[in-house]
Amino acid sequence: MPGRSSCRYVTSRWLAACVSLISASSIAGEQPIRVVDQNGNPVVGAAVFIPQADDDASSGAFIAQRGQEFQPRYSLIRVGAEIAFPNQDKLRHHVYSFSPAKTFELELYHGDQATPVVFDRPGIVTLGCNVHDWMIAWVYVVTGRRLGITDRNGTVAVDSDAVPDSVAVWHPHAVSPTGLGDADPGSHIVLVMRDDVILPARPATKTRRQRRSVRRE
Amino acid sequence: MNNSFQKKLLTLLVGLVVIPGLVILVAVLTTTRHQAMATAESRMQTGERVLLQLVSSRSGMLADSVNTLVSDFGFRRAVATGERETIDSMLLNHSARIRADLMLVLDLQGHVTSSTLASLADQEFPYPRLITRNAQGGQPNVVKLLDGKLYQLVIAPVLAPQQIGWVCIGFAIDGALAGELSSLSGVEVAFTATIGEDGLREIFVATDLAAAKAYLGNGERLSRDWLTRTASVGSDVDVLAVMQLPMDKMLAAYRQLQWQLAAIFGFSIFGSILVSIALSRRITRPLRFLMRAVGRIQSGDYSRGPLMDSKDEFHKLYETLGDMREGIREREARIIRQATHDRLTGLLNRDELMKRIDLFLPKLSDAAILCIRLTRFREINSTLGREYGDAVLRAIAKRLNQSASSHFVGRTGSGDFTLVRPSKTVEETAAFAVSVRDTLMVPIDIDGVKAETAPAIGVVLAPEHGNHSSELFRRAEIALGNAVANVQRIALYRNGQDEEQRRRLAIANDLRQAIAEDQLTVHYQPKVDMRTRTCSSVEALVRWTHPRLGRIRPDEFITIAENAGLIRPLTRWVLKAAIRQLADWKKEGLDLTVAINLSAMDLADDQIVETLEKLRKRFDVGANQITLEVTESAVIVDTEQARTVLSHLKSLGFTVAIDDFGTGQSSLAQLGSLPASQLKIDKSFVLARENDADAINLLRSIISLAHSLNLSVVAEGVETLSMWNTLFELDCDVAQGYLLSRPLKAELVADWVACNSPVLTADLERTGVYMDVG
């Protein structure tokens with residue numbers, strides 16, 4: 001019965017399990033920082049940075065919309081940086097954010113019509129598309145030296161000489177999303193993750209009906 | 001009787017209606033009830049289906065609604081930016097759109113940030129587990145208790161696109177729902193839930209609270225008054241929808257049918273009873289008719305009854321019954337005639353005559369009853385034969401019938417007839433009696449043989465001589481007895497005759513008792529030898545003093561005893577008393593002989609000799625001490641028998657005396673041949689005959705005759721000295737009489753003998769001197 005359908009939420013635990021099968025490879029000369037959750041599973045998409053360090057001057061980033069998904073899903077930028085939202089699909093997107101760090105709305109646009117958005121306050125900004133509910137992306141707006149975003153193995157490659165004493169590890173699904181982590185190279189940074197995160201899921205069919213599945217990042 | 005048959009018929013007819021009727025009634029009622037129950041069940045099932053459908057569709061509506069809401073960009077923005085007023089207005093708007101009863105917005109921590117229910121605003125959501133479960137893919141459809149009401153809830157996350165809160169929408173499970181269900185399915189609906197620690201089920205909503213309470217009260221699925229079905233509505237809170245149908249409502253049609261059928265059935269039974277009664281009456285009518293006819297016959301009514309109108313078997317039966325009735329009537333008439341009439345002569349029989357006398361006597365002012373006896377009838381019968389006798393009787397009956405002016409004529413005995421007629425005067429009756437006598441006196445000629453019947457007529461008059469047939473007959477019999485002895489052959493009863501007979505009857509009755517109870521006594525009259533003037537023998541004479549009638553003369557009671565067949569016991573009693581006395585005297589040294597009288601009947605007794613011998617031996621008395629006096633007449637009755645007995649007695653040594661000699665009609669030849677040794681001259685020759693020359697000559701002849709026959713002579717009734725002397729001169733042997741002594745009591749005899757014998761002698765001598773002088 002179509003009317004009876006309701007949101008189906010799937011916890012992301014099984015995805016994490018898949019990820020853990022892929023063993024982390026460390027690059028020579030680089031010291032990886034590995035972030036795991038309380039169960040020892042790698043945390044994907046966590047922002048790792050050194051808050052007290054100097055900010056590098058990188059500016060400009062973009063989050064494309066391709067295949068009705070944000071690309072990339074996680075972005076790590078310094079406070080005051082600018083992100084452009086190029087629409088590479090043939091349909092319009094309506095990108096918005098209700099996050100306190102940056103609230104904005106880019107109403108229905110094509111291509112590069114949207115003006116870049118300046119993220120002038122630190123914090124995690126969640127991006128969505130009003131037209132496509134399943135589209136989601138996060139922008140970490142930080143001050144300090146950005147080390148990177150954890151990959152599938154939950155690792156971020158760091159120069160071995162630049163290993164700091166302490167790093168900050170942010171993740172929107174952590175119990176404390178903008179907390180600090182111990183920067184102890186060679187060991188794991190444990191991030192306590194929420195287990196009740198519900199994310200919009202992309203419908204299996206291309207109907208306008210909304211079907212949601214839950215996916216763990 | 002006819003009732004019984006009628007009842008059976010009635011029972012059968014009514015049964016033919018009642019039993020199938022009952023079967024049909026039961027079948028219809030059972031089926032209808034089943035139908036009603038099935039209908040009720042089906043309604044309940046419908047109700048359950050409707051309920052589940054409704055709940056499910058509400059659940060779907062909720063889900064759609066919540067999805068619509070959380071998809072709304074504006075709403076998401078409002079939640080994300082925490083615009084309370086916007087959220088509240090949107091909630092109100094949305095809830096009005098889908099008529100939700102409850103809408104909540106929760107933050108991720110489960111805190112209610114907005115609510116359509118004021119009481120829940122800014123509160124912690126009371127069911128955090130529900131959120132958790134929802135996050136883990138829990139049930140979409142739950143029922144929860146919020147603010148004292150049950151709500152069917154759906155909860156959904158608000159994603160922007162990351163989750164920023166929860167939206168909860170609910171429909172109240174309330175009276176509206178119950179009412180809707182009830183109106184859709186036609187059953188009473190209640191929602192109950194188990195809440196709280198105690199696990200007690202409570203009613204939240206009920207379209208019929210009483211019914212729901214009744215269900216909760218006994219908890220049974222099928223209470224008596226309600227058909228109940230339950231369905232689980234929510235899983236989280238244990239909500240049960242209780243669907244109920246009132247039994248009386250469901251069965252109302254059934255009940256109505258029940259009453260209608262009962263009424264129809266009742267009427268049909270009543271009607272069938274009426275019809276059956278009419279039918280059975282009709283069927284049994286000829287039977288009743290026959291019963292009445294039989295009843296008439298039974299009661300002796302032999303008249304022809306009413307005609308039967310039908311021509312069927314019953315009519316045939318009725319005709320047969322008529323024939324039977326005629327037969328019975330004839331037989332009964334014959335029987336009655338036989339019972340009331342003499343068969344031979346056709347006259348009334350004795351019983352009937354007596355009955356009629358008793359019946360008619362009060363009506364007849366004066367009546368004469370003539371008892372007629374043909375005194376020679378027995379003789380005619382025995383000499384000319386019974387057939388001749390019967391012919392005589394018929395001839396007599398004919399003559400009597402012809403004699404005019406009789407009320408009734410009856411044959412009252414073998415040769416007895418009785419005639420009842422009015423009696424004006426005694427003379428007239430007497431003349432009539434004479435005419436009857438004369439009529440009957442005419443010899444009867446039957447086939448040339450003439451017979452004289454020698455009629456005698458006893459006459460009684462009613463009411464002069466009695467009022468009852470039995471009394472009259474008895475008295476007529478007495479008169480008849482007199483008439484037989486009468487030359488005129490006619491006698492009228494005289495008052496008092498009956499009493500003599502009664503006295504005789506009384507004496508006869510009492511004598512038996514007197515003998516048995518020793519009321520009799522024996523007196524002894526001394527006999528004196530005329531030459532020695534001594535007393536050596538006595539005559540035993542029986543005496544009886546009747547307790548009521550006083551002293552009764554021996555002549556009287558002995559005669560009665562002879563007639564009543566009591567003479568043998570009487571004789572035996574006297575024999576025994578006298579012989580015992582003889583033995584007593586012997587013991588006292590008194591040597592006497594005793595003379596005892598024997599009756600003619602005693603001589604006919606074969607055992608008299610044996611009895612005598614036994615008594616003699618028993619008391620040890622010599623036979624020579626006993627003289628047996630037999631009257632002359634007794635010897636004549638049956639001379640041969642008498643001679644045999646007397647010879648036997650004589651041979652045994654007893655003395656035999658002929659008593660009362662001179663009164664009988666014995667021939668001298670008989671006298672000579674008798675084995676007697678003594679002759680007692682009857683006192684009629686002696687008493688007061690002193691100066692009768694003829695009598696003295698007769699005495700002389702008798703005495704010399706006796707002496708010539710070697711018989712000693714005893715003279716009785718010697719009361720005067722002159723007679724004594726006369727007898728002495730006539731050479732009489734023994735004297736007995738008042739001159740010497742009256743009969744004495746036994747105890748006086750010894751004294752008399754001892755004292756008076758010499759005195760007697762002297763006395764006689766002295767008087768003799770006087771006589772000589774005179």
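## Exercises on helices, sheets and cores

Helix α15 (residues 497–516) of chain B packs against helix α16 (residues 554–564) of chain B at an angle of about 80°, and their axes are 9 Å apart. Helices (H or I, at least four residues) and strands (E, at least two) are DSSP runs, numbered from the N terminus. This is a predicted model, where local features need pLDDT of at least 70, side-chain atom pairs count only at pLDDT 80 or more, and totals for chains, interfaces and linings use all residues. Residues are numbered from 1 along each chain as its sequence is written, while chains are lettered from A and ligands numbered from 1 in the order in which they are written.

**Exercise 1. Classify the packing of α15(B) and α16(B), then describe their contact.**

Step 1: start with the angle. Axes are lines fitted to C-alpha atoms, for helices over the stretch in contact, and angles run from 0 to 180 degrees between N-to-C directions. Under 35 degrees counts as roughly parallel, over 145 as roughly antiparallel, 65 to 115 as roughly perpendicular and the rest as oblique. The angle is about 80°, so α15(B) is roughly perpendicular to α16(B).

Step 2: find who meets whom. Contact means C-beta atoms, placed from the backbone, within 7 Å. From α15(B) come R504(B), I507(B), A508(B) and L511(B); they meet E556(B), F557(B), I560(B), A561(B) and A564(B) in α16(B).

Step 3: sort them. Ala, Val, Leu, Ile, Met, Phe, Trp, Tyr, Cys and Pro count as nonpolar, Asp, Glu, Lys and Arg as charged, and the others, Gly among them, as polar. That gives 7 nonpolar, no polar and 2 charged.

**Exercise 2. Do the same for α11(B) and α12(B).**

Step 1: helix α11 (residues 377–384) and helix α12 (residues 386–402), both of chain B, pack at about 140° with axes 6 Å apart. That makes α11(B) oblique to α12(B).

Step 2: on the α11(B) side, F377(B), I380(B), N381(B) and L384(B) meet R386(B), Y388(B), G389(B) and V392(B) of α12(B).

Step 3: the contact residues split into 5 nonpolar, 2 polar and 1 charged.

**Exercise 3. Find the edge strands of two sheets in chain A.**

Step 1: two strands pair if DSSP finds at least two bridges between them. One open sheet has 3 strands in the order β3-β7-β10, with mixed pairing. Here β3 (61–62) and β10 (117–119) each have a single partner strand, so one side of each is left without a neighbour in the sheet.

Step 2: look inside that sheet. β3(A) runs parallel to β7 (residues 81–84) and is joined to it by 2 bridges; F62(A) stands opposite A84(A).

Step 3: the other open sheet has 5 strands, ordered β6-β12-β11-β8-β9, and its pairing is mixed too. Its edges are β6 (74–78) and β9 (102–109).

Step 4: β8 (residues 93–99) and β11 (residues 123–129) of chain A run antiparallel, joined by 2 bridges, and Y96(A) stands opposite G128(A).

**Exercise 4. Locate the largest nonpolar core and one of its best-connected members.**

Step 1: a nonpolar core is a set of buried Ala, Val, Leu, Ile, Met, Phe, Trp, Tyr and Cys residues joined through C-beta atoms within 7 Å. Buried means 20 or more other C-beta atoms within 10 Å of the residue's own, placed from the backbone; exposed means 12 or fewer, and partly exposed lies in between.

Step 2: the largest core holds 123 residues, and those touching the most other members include A47(A), V169(A) and F191(B). Helix α1 (residues 2–71) of chain B gives the largest share, 9 residues.

Step 3: leaving out residues up to four places away in sequence, A47(A) touches L76(A), Y140(A), V142(A), I149(A), V169(A) and W170(A).

Definitions and conventions:
Two residues are in contact if their C-beta atoms, placed from the backbone, lie within 7 Å.
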